[in-house]
Amino acid sequence: MKRPYRFIDDIATADAAFEAWGATLDDVFTAAAEALLAVMLVHPRTLGSVEREVVILEAESAEMLLFDFLQELVFLKDRDQVLLRTNTIEVAARKDGCRLEAVLIGERLDYARHELAVDVKAVTMHRFKLSRTPNGWEARVVVDI
Amino acid sequence: MADLRALIRRSAALWELPVSYREGMRVPGRIYATEMLVRAMDDGVLEQLANVAMLPGIVKYACCMPDGHWGYGFPIGGVAAMDPRRGVISPGGIGFDINCGMRLATTNLDYDEVKPHLPRLVDRLFARVPSGVGCKGFIDLSRNEFMDVLEQGARWCVARGYGWQEDLARTEDNGCAAGADAATVSPRAIERGFNQIGTLGSGNHYLEIQVVRPEHRFDAETAAVFGLDRPEQVVVMFHCGSRGFGHQVATDYLRAFVKIMGPQFGLTVRDRELACVPFASREGRNYFAAMKCAMNMAYANRQVIMHRIREVFAEVFKKDPADLGLQQVYDVCHNTAKLEPHTVDGRRRELLVHRKGATRAFAPGMTDMPPSYRRVGQPVIIGGSMQSGSYLLVGMASGEQTFFSTAHGSGRRMSRRQARKRFQGRKLLKEMAHRGIHVRARSLKSLAEEAGEAYKNIDDVVAAASEGAISRPVVRFTPIGNIKG
């Protein structure tokens, strides 16, 4: 299956940038989380699914909710030394913003089994965007390395 | 490639971006670089410099150092001084890795003495200084103790035996940013960072063993003041910051400022990464106090790593670190905002100087540096790529034009992905071993991204800083051992 994200070269020389797509908000959030994982892990498929984390977040817009969601993954990486991807996610619009409930699965970092690339320090707001496209949704994200 | 037509050349290494470049610029931009370096800068630098020049309260110029490149928000290498009464503070003008910085220590060993021990020395440093994605530190401390670290910085470490008293005097701010307030920091930031003291991290963070070749001592007298007076002298240099803690502090406040800057303060910016609030506001002051906590975390981090380095040298050379001459030369920050007195148009003013990927470079005679250095000026540590070399520079009086700021490294010229396509980690390891550079890296992929050719030529960057009269070279260091995350 074609990956629902691609890395882009011509933004912020020292950092990493990607675009991710999805037919629905659930899909684009899942794709962006997968891209974030691929920045840190050379072979994302080597990540097991023994750790589980439930995340509930609210924000003023779908775009800022995506920012908070990716930032949560970066936070958990440092707090628990765990890399995670989306197992199930439900993003819902509300009257005053957006809310998500996600079950994340993954594994604690293991240098013997995981070939790690670079650490992500933060999700930046530089050219950060979540927009509607004819086929659904597209996100653009620059992360600080 | 930067469009030179947008710039006015003021001198051989000074280019001005006029306020007419973009509507809303309050001051001109200034790039300190040779023609070759300016040509190699991407257009993003000019755009970002223009965006910085639009920030409320900016004084005189938005500056870009010779190693400048396209970053997020500010360009990397960006310097902006704000009027603290009318101006703003912006987390994007400091960077996520608050107080990312460099530390340099001498030894009294020469290259021939170290060479036979080099592989073991590098291996032991690699084993004992944690590095890489999500690495954990080796200091066990409670959350309450961590709060003390946030307010006391490297002083906390030295009081507990992690380092020497004189290390503090040879650290910017004496190792403790005054005014840090742990109450302004979120519980999440503490949770994220409290187990990371004494860790290098990854990316361009590293620890290097280097040697001073006799032909690379450009000012022997000043070098001697800094303890660099032996032929083929071996030194240790490392680069790291405030780790996940600082990243979270920056993220928390950036996130909050994006939300409130418009509704609460009527501020707009062209790039949300430049989200800011008035420095004089409660929110601005809180961020300043929280940022200082992250500065202190970084000072503590580098202090504990310094202690580890001494332990490893003692183990490998079977001598006391003091007998090995493991003296700290200096510790500098390159991602901060500081309140400093400066003279602007003949008037003494206190300014809030944002430096993102730029190093403070105080001139001879200024205070806020060790008394023994005041005659020659503040040391500036410039980290180059693992294949090229690094420099020790010193501040000079004409640095006033950049609010006494200069470069911080080589500056990337190739994106990480481009570098990975072009270089192979394993091949690089071999090439460097052939040249006598012993490297240990946590990730080969990350190593490839750090290839020397992915960076600008460090000699060109230092020459531009010198030609622009914002700092001058004292010593050049050649790498012989490197550990990377």
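Buried area, as I will use the term, is the accessible area, taken with a 1.4 Å probe, that two parts lose on being put together, summed over both. With that in hand, let me turn to the structure above, which is a predicted model, and to the place where its chains A and B meet.

Between chain B and chain A about 3,900 Å² is buried, and carbon and sulfur atoms give 52% of that area. On the chain B side, W70(B), V133(B) and R255(B) together supply 19% of what chain B buries against chain A, which is more than any other three residues do. Counting residues instead of area, the contact draws 47 from chain B and 42 from chain A.

What about the polar side of this contact? Across the interface there are 23 residue pairs in polar contact, with both residues at pLDDT 80 or more, and the count of salt bridges between the two chains is 9. One of these joins K421(B) to D9(A), whose closest N and O atoms lie 3.5 Å apart.

As for the helices involved, α8, α10, α12 and α14 of chain B each bring at least two residues to the side that touches chain A, and α10(B) gives the largest share, with 9 residues. Sorted by class, that side of chain B holds 20 charged, 20 polar and 7 nonpolar residues.

Let me finish with a helix of chain A, α1, which runs over residues 25–40 and spans 23 Å from its first C-alpha to its last, close to the 22 Å expected for its 16 residues. This helix, α1(A), is mostly covered, since 13 of its 16 residues are buried.

Notes. Residues numbered from 1 in each chain as written. Chains lettered and ligands numbered in written order. Predicted model: local features only at pLDDT ≥ 70, side-chain atom pairs only at ≥ 80, totals over all residues. Heavy atoms only, no water. Contact = heavy atoms within 4.5 Å. Salt bridge = Lys/Arg side-chain N within 4 Å of Asp/Glu carboxyl O. Polar contact = N/O pair within 3.5 Å; in protein donor to acceptor, adjacent residues only side chain to side chain. Helix = DSSP H or I, 4+ residues; strand = E, 2+ residues; numbered from the N terminus. Nonpolar A, V, L, I, M, F, W, Y, C, P; charged D, E, K, R; others polar. Expected span 1.5 Å × (residues − 1). Buried < 20%, exposed > 50% of the residue type's maximum accessible area, 1.4 Å probe, protein only.
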